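Notebook open, structure loaded. I want to go through a few elements and charged pairs and jot down what I find.

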Amino acid sequence: MGAAPESDKGCMTQGPEGHERCLRWDDARVTLPQIISTAMLPSLGTWQLCLDSAVGLCRRASPGLAQETVFEGAAEVRLVDGGRRCAGRVEVKHNGEWGTVCGDYWSMTDAAVVCKQLGCGSAVGAPQYGQFGGGSGPIWMDDVGCKGSESALSDCEHRGWGEHNCDHSEDAGVTCSEYTGFRLVNGSTACAGRVEVEVSGTWGTLCASRWDLSDAHVLCRQLNCGFAESIPGGEHFGRGTGPVWRDSFHCDGTEAHLGQCPVITLGASPCSHGNNAAVICSAGFASLRLAGGGSRCDGRVEIFQNGTWDRVLDDQWDMREASVVCRQLRWGEAEKAYNPPKPERGMGPVGLRGVRCAGHEASLALCNTSLPESAPVAGVAEDVGVICWGSRRVRLVNGSGRCAGRVEVYYQGSWGTICDDGWDLSDATVICHQLGCGGAVQAVGSAWFREGSGQILLDGVNCSRAEDSLWDCPAGFWRQQDCRHKEDAGVVCSAPDQPVPLWGPSSQSSWP
């Protein structure tokens, strides 16, 4: 079938199997692909829209008619000679041939459209004049004027395909962000912290202006850290250094990694190192334990990371940090924060170095912490320890079994005794119940079960029998007393096979 005269044709682009792919008016005597719509356009007559729209801008110039531009689809674009996919000289494919773009009036807005079309993040450079070397072949576009909302470079205004006054020394280029890495820093684990993004080999902080839980979920999934628990604002994980990336991710939460999310550049949005994106992932609540103490509720703090128990080092460890540790372990309030003596220091790898808590946090992951180098470090003075309220224990010693004997209390890492001033059957009853030894048979004093050693920890105990434990009873301050070990208190409980001891002063057999 013959083709229409050239003056009657619309933009003619040869497609697969000889089919033309374009918009045409009704007197074009050519074979068309499937027609999906027909419309009247002012001064151009009837046009028919072909099903195949895989072509770019086209123009028709006919005698007596103004030049008209028709948008049919996105022309392919690529970046070449930049050393990576997202940087280089801009080249556009038109009529099946690759050509360049002139740098006249080339701007960051134009570059941003190219980066968006290529899925390369935001534009960080828009060189105008041959920074990536001159190309060859046609110069397809000149005087490009994008608004920034376009989805493809071919949607932007320009002088017309192949119309220019340039040479290849003026070829435009683009450098896109192309994120090369993501990480969380200054948290207690690799799954909590300030969000940092690597762009072209440079790590910087991500702006928090549009950061939300959907974005955070994707990042946690990408880092194999579970899901996002929270997104603390401000400087929760400290101030960053280096650049602040103003990119805004728009994830719906289903993406496998942030690189799959639409991205825009925030422009003048308020971004600084005081407005950092951050996340605490569900895997960020690392396991803690207390090692080397007298119970599971006291000892040197260790954190479980990457399959090993690592040490925690700090030079300003105090009750605020200790309170958080005890709270996370659910062992009550902290009684003491300390640095273990040299024989009790750890010798393994260091998991955390430098911990700063306000004291109200639910876990150490919510404090400002630093991850050190992973190389093992020899024992140093900064190992930290905690004694939690849950470490308090009571026992009866020197009797005929566990339900009779001298009363000893474990407090802040050591065992000590109780002075018998005011000691009576009500006090003994509480201890027997606490130990599961039934009721109290006797409350004895004057070191009936021989003198103890170490500190005398309590004096003036005054229980009412209603208390669940000795710690609930009124008493004097810990370690404040005027007694000696010859006044150590003792208890005999009613549990079976607990005979009254035969030793001790006979005058005290019915004490008090």
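**Entry 1: the start of α2**

I began at helix α2, where a side-chain oxygen of D212 comes within 3.2 Å of the backbone nitrogen of S214. Before going on, I note that this is a predicted model, where local features need pLDDT of at least 70, side-chain atom pairs count only at pLDDT 80 or more, and totals for chains, interfaces and linings use all residues. Residues are numbered from 1 along each chain as its sequence is written, and side-chain values use heavy atoms, with hydrogens and water left out.

Helices here are DSSP runs of H or I with at least four residues, strands are E runs of at least two, and both are numbered from the N terminus. I also needed the burial rule: buried is under 20% relative accessible area, exposed is over 50%, and partly exposed is in between (1.4 Å probe, protein chains only).

Which residues of α2 (residues 213–222) are buried? I get D215, A216, V218, L219 and C220. After the helix comes N224, with a positive phi near 60°.

**Entry 2: helix α1**

I ran the same lookup on α1 (residues 108–118), and its buried residues are D110, A111, V113, V114, C115 and L118. I reminded myself that an α-helix has 3.6 residues a turn, so residues three or four places apart point the same way. What covers the buried residues of α1? The cover includes β6, β9 (123–125) and β11, counting contact as heavy atoms within 4.5 Å. G119 follows α1, and its phi is positive too, near 65°.

**Entry 3: strand β7 and its partners**

Next I looked at β7 (residues 87–94). Seven of its eight residues are buried, so the strand is largely enclosed by the rest of the structure. I then listed its partners, taking two strands as paired if DSSP finds at least two bridges between them.

- β6 (residues 77–84) runs antiparallel to β7, with six bridges between them. I found V77 opposite V92, and the hairpin from β6 to β7 goes through two residues.
- β8 (residues 97–101) is also antiparallel to β7, over four bridges. H94 faces E97 of β8. Two residues sit between the strands of this hairpin, and N95 in the turn has a positive phi of about 50°.
- β11 (residues 173–176) is joined to β7 by three bridges, again antiparallel. Here A87 stands opposite T175.

**Entry 4: charged pairs**

Side chains of opposite charge can pair when their charged atoms come close. My rule for a salt bridge is a side-chain nitrogen of Lys or Arg within 4 Å of a carboxyl oxygen of Asp or Glu. How many salt bridges does that give? The count is 16.

I opened the pair R89 and E91, whose side chains meet at 3.1 Å, N to O. Both residues are buried. They belong to a salt-bridge network that links R78, D81, R89 and E91.

Then I took R356 and D315, where the closest N and O atoms of the salt bridge are 3.3 Å apart. R356 is in strand β25 (residues 355–356) and D315 is in the loop between β22 (308–313) and α3 (319–329), so this pair ties together parts that are 41 residues apart in sequence. R356 is partly exposed at 33% relative accessible area, whereas D315 is exposed at 57%.

**Entry 5: R395 and E408**

I kept one more salt bridge for the end: R395 to E408, at 2.8 Å, N to O. R395 lies in strand β28 (residues 393–401) and E408 in strand β29 (residues 404–411), so the pair ties together parts that are 13 residues apart in sequence. Is each partner buried or exposed? R395 is partly exposed, at 32% relative accessible area, while E408 is buried, at 7%.

I also checked E408 for polar contacts (a pair of N or O atoms within 3.5 Å; within protein, one must be able to donate a hydrogen and the other to accept it, and residues adjacent in sequence count only if both atoms are side-chain atoms). Its side chain has one with the side chain of R395 at 2.8 Å, and another with the side chain of R406 at 2.9 Å. Leaving aside neighbours within four places in sequence, E408 is in contact with R393, V394, R395, V397, W415, G416 and T417.
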